Every structure is written in structure tokens, then in C-alpha cells.
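Student: I'm new to this one. Could we go through it together, with you telling me what the reasons behind the labels are?
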Amino acid sequence: TWGGTGSGTGTAAAEAVVSTQSTGDKCWALMTTEDKIISGAADSLLSFWKDVTVEEEEREIEEERHQSEQQQELRNLLFEGKFAAALALSLTLNMPYKCLTVAEKILQLEDGTSQLRSLVENLHLDQIDILLEYVATWNTNSKHTITAQTVLFAILSSNKHSEMASSPKF
């Protein structure tokens, strides 16, 4: 992958195949160096191309590693029974099924409904918005309807309703 205004493949000393998206004009000049390609088109503009394949691959690997670490942290939080942190992390990671699992585990506790309400009251409005989207999805599956309705009740009975009413999202 070539960064800049287009993409290209191959950087053999004198050969390079470059497809430009920056201009519709023909390329009249092409020069290669060890790490760059410079092209000149009929529009009198020079385009500098740099191979960013390695950087993009490293960034993707780092993102995958970070995602994996966060998923492991979520599993650990669930195992340790730290449901408030697990709920917040599952919302952050955009993992609706894990969030459902957290809600189900909370509701299995003796005072699960009251704990769920207190957790919902501590959520930010953007997290509540995400949770409402999850609840709408869960509610379409009969296996998860009771959990979805209980979470919805916790949201609606929380003291956040005045904040939700003033927010443009709701």
C-alpha cells in the first residue's frame, strides 16, 4: 500500500506500477528512489508516494493485540464478579452479546435487579444510548426478552431520565 493520494505496487529500481486517484490526467514523469515514487502529471502537480505497508501492518497488529488484551480483561472481570467494570468495558468494546452475558449474570444474583439499577445510574448518556440499542436487539429474540425488558426497566426507572430528556440523542 502506498500512502498519499493513490496506491501502487512494486518498487524495483526502475519499475513501479502506480495507479493514481488524485488526478484524471496522464502521468508524464515518474521517478523512483529507494523509498519513494515521485510522479508528475499533466495538471503540473508533483505527487510524492511512500510505501506505508509496514506501518499499516504494524498498526493493525497493535490494534488486534490491544483488542485481544481488552477481551481477556473482560473475561477476567466476569470471572472475578466485577460486573460494573465488565458492563462498562463490554459497552466500550461494542460487544452486545458480552453485555447481555454481564446483565444475565447480574440478574442471577440475589439482589440483581437493584444492582443493575445502580449500575445503570452510573453509566454516561452515550453508554446508555449504546445499551438501549443492545436492548432493542436482545428484545427481538425470545430467549433474551426478560433480560432486555429488565434492563430497559432499569434504564427507565433510573434517575437519568431528566438527562436523557434534555439530550438530543433521546
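Student: At roughly what angle do the axes of helix 3 and helix 5 cross?

Tutor: This is a predicted model, and in it those axes cross at roughly 85 degrees. They also come within 10 Å of each other. Helix 5 covers residues 125–138.

Student: What makes helix 3 roughly perpendicular to helix 5?

Tutor: The label goes to angles from 65 to 115 degrees. The crossing angle is roughly 85 degrees, so helix 3 counts as roughly perpendicular to helix 5.

Student: Which residues of helix 3 and helix 5 meet there?

Tutor: From helix 3 come Pro96, Cys99 and Leu100. From helix 5 come Leu131, Tyr134 and Trp138. Sorted by class, this contact has six nonpolar residues, with no polar and no charged ones.

Student: How do you know that helix 3 and helix 6 are roughly perpendicular too?

Tutor: Use the 65 to 115 degree range again. The axes of helix 3, residues 96–107, and helix 6, residues 145–156, cross at roughly 80 degrees and come within 10 Å. Helix 3 and helix 6 are therefore roughly perpendicular to each other.

Student: And what classes of residue make up the contact of helix 3 with helix 6?

Tutor: That contact divides into four nonpolar, two polar and one charged residue. Helix 3 brings Leu100, Ala103, Glu104 and Leu107, while helix 6 brings Thr147, Thr150 and Val151.

Student: Now for charges. Why is the pairing of Glu63 with Arg59 called a salt bridge?

Tutor: The rule asks for a side-chain nitrogen of Lys or Arg within 4 Å of a carboxyl oxygen of Asp or Glu. In Glu63 and Arg59 the closest N and O atoms are 3.2 Å apart, so the pair passes the 4 Å cut-off. Both residues lie in helix 1, which is residues 53–80. They sit four residues apart, about one turn of the helix.

Student: Is Glu63 buried or exposed, or something in between?

Tutor: Partly exposed is the band between under 20%, which is buried, and over 50%, which is exposed. Glu63 has 47% relative accessibility, so it counts as partly exposed. Arg59 has 43%, so Arg59 is partly exposed as well.

Student: What makes Arg65 and Glu62 a salt bridge?

Tutor: Their closest N and O atoms are 2.2 Å apart, and the cut-off is 4 Å. Arg65 and Glu62 are three residues apart in helix 1, so about one helical turn separates them. Arg65 is partly exposed at 38%, and Glu62 is partly exposed at 39%.

Student: How far apart are the closest N and O atoms of Lys82 and Glu80?

Tutor: They are 3.3 Å apart, and Lys82 forms a salt bridge with Glu80. Lys82 is at 46% relative accessibility, so it counts as partly exposed. Glu80, at 48%, is partly exposed too.

Student: Which residues are joined into one network by salt bridges that share partners?

Tutor: Glu62, Arg65 and Glu69. By the salt-bridge rule the count comes to four.

Student: Stepping back, how many helices and strands does the protein chain have?

Tutor: Seven helices and six strands. Read along the sequence, the pattern is β-β-β-β-β-β-α-α-α-α-α-α-α.

Student: And what share of the residues is buried?

Tutor: Of the 170 residues in the protein chain, 31% are buried. The chain exposes about 10,800 Å², with carbon and sulfur atoms supplying 53% of that.

Technical notes
Residues numbered from 1 in each chain as written. Predicted model: local features only at pLDDT ≥ 70, side-chain atom pairs only at ≥ 80, totals over all residues. Heavy atoms only, no water. Helix = DSSP H or I, 4+ residues; strand = E, 2+ residues; numbered from the N terminus. Buried < 20%, exposed > 50% of the residue type's maximum accessible area, 1.4 Å probe, protein only. Areas by Shrake-Rupley, 256 points an atom, 1.4 Å probe, with all protein chains shown as cover. Axes fitted to C-alpha atoms, helices over the stretch in contact; angles between N-to-C directions. Parallel < 35°, antiparallel > 145°, perpendicular 65-115°, else oblique. Contact = heavy atoms within 4.5 Å. Nonpolar A, V, L, I, M, F, W, Y, C, P; charged D, E, K, R; others polar.
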